[in-house]
Every structure is written in structure tokens, then in C-alpha cells.
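User: Please take a close look at how one pair of packed helices meets in this model, and then set that pair in the context of the rest of the chain. I would like one connected account with the cut-offs spelled out.

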Amino acid sequence: MSVLDTIKSLREELNQHNYNYYVLDNPTISDFEFDQKLKQLQDLEALHPEYFDENSPTQRVGGMITKNFETVKHEYRMYSLDNSYSTEDLQDWETRIQKVLGDVSLEYTCELKYDGASISISYEKGRLVRAVTRGDGFQGDDVTNNIKTIKAVPIHLKGDFPEKFDIRGEIILPFAGFEKMNQELIEIGETPYSNPRNTASGSLKLQDSAEVAKRPLDCLLYFVIGNNLPFKTQFEGLQKARDWGFKVPSQSKLAKNLNEVLEYINYWDKHRHDLPYETDGVVIKVNNLQHQEELGFTAKSPRWAMAYKFKAEQVTTKLNSISYQVGRTGAITPVANLEPVQLAGTIVKRASLHNADQIEKLDIRIGDEVFVEKGGEIIPKIIAVAKRGNQPEPTKYITHCPECETELVRNEGEANHFCPNFYGCPPQIIGRIQHFITRKAMDIDGLGGETVTLLYNAGLVSNYADLYELKKEQIIPLERMAEKSAENLIKGIEKSKSVPFERVLYALGIRYVGETVAKKLAKHYKSIDAIAQASIMDLILVDEIGDKIAQSVVQFFENQENIKIIERLKQYGVQLESGEEAALVSEKLKGKTFVVSGVFELFSRDELKKAIEDNGGKVGSSISSKTDYVIAGDNMGPSKLEKANQLKIPILTELIFKEMIAE
Ligand code: AMP
Ligand code: ZN
């Protein structure tokens, strides 16, 4: 088999596995095997840039940067839907239809109304050519690069597809993925996203498609549009789309009459909470396309389709009290404790109140009857006061930490209050140590979150450095501890001394320094001392480090307590420097400084930078007399180009660069 054949067959195979996994929900190989094959394909493609294909499964990881999303006119307008809220609304709708069509028998396709961001994707000759947001319905933004990273979206179609058509669907973020994203944000002290829908639609407009690729987005399709389509009804259209490789949810149903439509609605009103993603209603479409054509459109929506909106499930209950939780970073979150009540299939006892502004806005007081709703958010929320209790005064937000009594602060522009008592506030101390030992951080075997609380309460640890002074004899007397478990704990702590620097840096729990940021900082500075000495100006020059992170890092190292703890960690032998650098691939670029500018096809920007460093070169951030070469992609800024020309710096394409580092 020639190399090209191998590449092609790997691409085909990987496409099929993506389809099995993301569209059919039925993987046939392990993630590990998949990753290996993908790696093999990546390597082959890197060796043979002449076989580059923008539609290769390797391109799903993204890396294309879109600075400005181009506005594109929709070939077929993207209409809204009329809304209905009751059986009568639907009967009125049917009557209006019959006025136009006469006394024909009407069938309807019933579909769920997926709650996300709408998208229109164009295919030509079975290849994805463009994906455009809804915009104002007439024109939207070209988000093709981002959509291609969503693995449920086919890039190549299968079977007997029409030459050219558009397909419409909804980009959604399933609950599980949404929660995972939020968990990661909470871990680094960031504010979590408020709901899956906004997060999905925000994702479409991210500039870096590699960021989009990391988000667990999904795409559910519901409507094929074009000329001379090979089907006569909406329901057949859905089936065809499935055959071509699209993800069309199986819950869609053909209803023979309005009664069956109502049955469908009633069923899903009850069962929608069992779905893995958010739905806010049902969409009912006249099934026969001929009928659809006769019915046509109003100024805003098709006459042949109707959305039925579910009522957001709402109940009233009593607000018993408000408690205030203190997080690991000191952020205060107010929580409503409710009289337990049944809502959307679960018993609700608590609701999030977000922050002081929210409490003030709702003017909610202890003893009030309140409306509680479960919407796109996982945690129920309080919508409004239903009936005032006997509390004559507005709720006063706490001024002091409920755990340590320190006066709270609220920084300009931040929604939450903070307890500034970093080193004296028990939930902050315990939370930091708990973070320190987690799997992605120091991964200390034999030590769990509850044991940390026990150790703290017993006065044995008050910061993570104290862990390294623990003795077996001190641990054995603790609850649920014995000789063996104490030994394991000590061993686990000992073992953590070999955890690499980047993970130690993450474990320190510096606000906004998550796993990725810790890696970047560790790679750039190589030691804790270098990071501690960096100024805000230095830090923001590092790839992906912004103002907020830089400030937080500097603040952390200004605190003398932190410095003392780090000195102790050093003495115990914890890794606070990067180990030996991975051996260079070559020294071909030794002593040369490169500046990378523009958008690339063969490499992502990170890959380019890595390739430069792996071959002994340096990456500069701006063009100066010290620059030896500029690697220019598409859309390199004109001022940079001029500067490079002025200084007579050679400008390379990525292909030439690739040859430079090739054998
Ligand atoms: P609205 O934004 O309330 O006018 O509702 C119209 C939007 O519902 C459409 O633009 C689609 O994005 C979305 N939608 C979700 N599910 C469906 C579906 N099954 N059929 C048609 N539209 C849907
Ligand atoms: Zn406190």
C-alpha cells in the first residue's frame, strides 16, 4: 500500500469511529486505540504535507484562528417558529391550515425542541463547505472552522445524498459535558457558566477553534433544505439525513392527527428530564412537503410549523434560611434553604442565590413563599417572591465570614464577596489542602478529602507543607485510621515528591492557575523562583496568560506566608523546578529566533512554536532586529510585513519552514 493509500484508509477508518461514537453513541474500539490511530495519521500527515486535506479527521482538533467572522447571506432564510402553549392554540393552528388546504388529511412530524444555538450547514458533493449561525435570519456569521471540530457533524457524507443542500440543526451542550466544564472552572476559582444554552452559543464565536474542539458540544439536526430533494415528507427527510450520517434524534415521531400530537407533547412534558440535554418544547411540522409549500410563510415564520413550549416547571415553597458557603478561594456563595418540595421529578431543598446583588434584586427575605424553577441550570433557582412572610426588613447580606469572622471584601467589578483571611479561614485552609492532594495535582494515594478535615481538626496540618512533617504515630489515633492506612498515607505523601513541577504548580492552588496555565508557566519559567520573580508585564507576554492570571500570580508571591511554605516544600524535596528538558529533536535552528504571524494550515500556532523549540530555535513575540526569520501564514498583519521588510528579515511560508526542519 502506498503512503497515500494508508493515509486515506486511516482517515476513512477514523471517520467511521467518530461516527460510531458521536452519532450512534456506539463505539466499537477503545479510546486508547482510537488515539493511537489518530496519532499514526497525524505523524504520516506531518511527514507528507503534500497530502494535506482540510477534511481529515486530524483537523477536528482545531487550531484555526478566526479573528473576524465573515458575514454570509443565507441562501434560504432561517425563520423563527410561532409558539403555542395550549391544546386550543394547536387546534386553532390546525383550523387555519385547513382553511388554506381544504379538507385534506393532515399528518404531523413531532420533534423535540432542542435548546441551543441554531446552525445552518451547507454540503456540496457530500462535503461540508460552510456553517453559518442564524444571525438575523437573513445573514449570519461563518463559523465553519469551529463547527468542523464538533465530531457529531459529518465532514463527509455517506450513501445517496443530493449534490447540494443545506441542513439545519441546533448546537447543544449536553448536561454531563456542561457540568464537567463547570467543575473544571470551579477547580481553578473561576465563575461557572450559567446554563448550557448560552455556553453552546458562546462557543460558536470563540476565535480559537482548538478551544471549541475541547468543549463537549453536540449537533442535533432537524431540517434538510434545497432543490429537488429525494423525499416528499419531513419525516422521510429526517430518515434520509440519518442515512447520510447526521445525528437526528430518534425521539421524532410521525403523528396521524392532532390527538397523537397531543399525546407526544404530554409524554415528553413528563419525560424530558430523562434526556441528556435540555429541551424547551416540541416542534410540530406539517409532514407533507407539498402541503408545506402551499402554506408558505408569514413575515417571520413558516405557517406549517409550530413550537409548543413546555411550561418551565415551577413550584412555590418557603424560604427557611440563607446559609453562606466559603469556597477554597474564599469566595462566598449564598444558598437558600427551602422547605423540601417536589419539582421536576426530584425533591428540592436548596437553591442557588448567586450573590448579594441577586438577593437584593429579588428582595427575598427569610419566611417568604418563593417561586422555584428548574430551567437550563442544574441547580434550581428562585425566580421571585410569591408571598411576603413576616420579615419587615430587606435581607442584610453578611458583612463577616461565617467561618472565621473576618470582614468580607468585594473587589471592584466582581459579583462575589470574599473572605480575605487566606491563612486563617478553615474552609479555605482545608479546601486548599484538599485541592493539593487531588489526582490531577499531587495525587496522594491513601489520603482523601475527609481525612484532610480530620488532620486539620486534630491540629496536625494547617497548610499543605505540613503534610510532609506528618508522622505515622500522629495519624493512627485518628478516626478510621489504623497502622496500615497510616503507613499508606505516609508512603503516598513521600511518593508525591516526584510529581513533576507543572503539577506541583497547579497543586499550589493559585487562583486562575488551572492545569493548562500551570503547564504553560512551568514550561516558560522552568522554576518556581523564576515565576516568583516575574512581574505582571513579564507574565502577560507568556502565551495564553492574561491580565487576570498575571495579577493573581504576582499577588500569590507577594504573600510572605506563601513564600515560607514554598521554601519548606523545597526542603522536603518537592519538585519546584522542571526536570531535565526533553532531548531536542535536532539543533538545526540553534541560535535562531523566529516570529510566527498569521493563520496556518499545516500546523497550529502551538505546533509551530513547539517545532521551533524542539529543533533548538527560539520563539520571539515581536519582530525586531533580533529576529532571524518570520514564518508567515494567511492574514499576516500589514504592519508586521512592513517591519519585516524594513529590517530585511526573511519571510518563510510554513512549507519552507517544514523543509528547513525535515531531514
Ligand atoms: P424561537 O427561537 O423560539 O423562535 O424558536 C425557533 C428555533 O428553535 C429555531 O431557530 C431552531 O434553532 C430551534 N429548534 C430547536 N429544535 C428544533 C426543531 N426540532 N425544529 C425546528 N427548530 C428547532
Ligand atoms: Zn473566613
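Analyst: In this predicted model, helix H12 (residues 426-437) packs with helix H13 (residues 449-457) at an angle of about 135°, their axes lying 9 Å apart; axes here are lines fitted to C-alpha atoms, for helices over the stretch in contact, and angles run from 0 to 180 degrees between N-to-C directions. That angle makes H12 oblique to H13, since angles under 35 degrees count as roughly parallel, over 145 as roughly antiparallel, 65 to 115 as roughly perpendicular and the rest as oblique. The crossing of H12 and H13 is right-handed, a term used if the near helix is turned clockwise from the far one by less than a right angle, whereas anticlockwise would be left-handed. On the H12 side the contact is made by Pro 426, Ile 429, Ile 430, Ile 433, Gln 434 and Ile 437, and on the H13 side by Gly 449, Val 452, Thr 453 and Tyr 456, where contact means heavy atoms within 4.5 Å. Sorted by class, this contact has 7 nonpolar, 3 polar and no charged residues; Ala, Val, Leu, Ile, Met, Phe, Trp, Tyr, Cys and Pro count as nonpolar, Asp, Glu, Lys and Arg as charged, and the others, Gly among them, as polar.

Another helix pair can be set beside it. The axes of helix H20 (residues 547-558) and helix H21 (residues 560-572) come within 5 Å and cross at roughly 75°, and H20 and H21 are therefore roughly perpendicular to each other. Phe 556, Phe 557 and Glu 558 of H20 make this contact with Gln 560, Asn 562, Ile 563 and Ile 566 of H21, a set with 4 nonpolar, 2 polar and 1 charged residues.

Turning to the whole chain, there are 24 helices and 20 strands, taken as DSSP runs numbered from the N terminus, with helices being H or I of at least four residues and strands E of at least two. Buried residues make up 46% of the 663 residues, buried meaning under 20% relative accessible area, exposed over 50% and partly exposed in between, with a 1.4 Å probe and protein chains only. Among the contacts with a separation of 6 or more, 67% join residues 24 or more positions apart.

The UniProt record, an unreviewed entry, lists under "binding site" several residues, including Leu 81, Glu 111 and Lys 285; such annotations may be inferred rather than shown by experiment. Leu 81 lies in the loop between strand S1 (71-73) and strand S2 (83-84) and, at 31% relative accessibility, counts as partly exposed. Lys 285, by comparison, is found in strand S10 (residues 279-286) and counts as buried at 6% relative accessibility. Not counting residues up to four places away in sequence, Lys 285 touches several residues, among them Glu 111, Tyr 222 and Trp 304.

As for conventions, residues are numbered from 1 along each chain as its sequence is written, while chains are lettered from A and ligands numbered from 1 in the order in which they are written. Because this is a predicted model, local features need pLDDT of at least 70 and side-chain atom pairs count only at pLDDT 80 or more, although totals for chains, interfaces and linings use all residues, and side-chain values use heavy atoms, with hydrogens and water left out.
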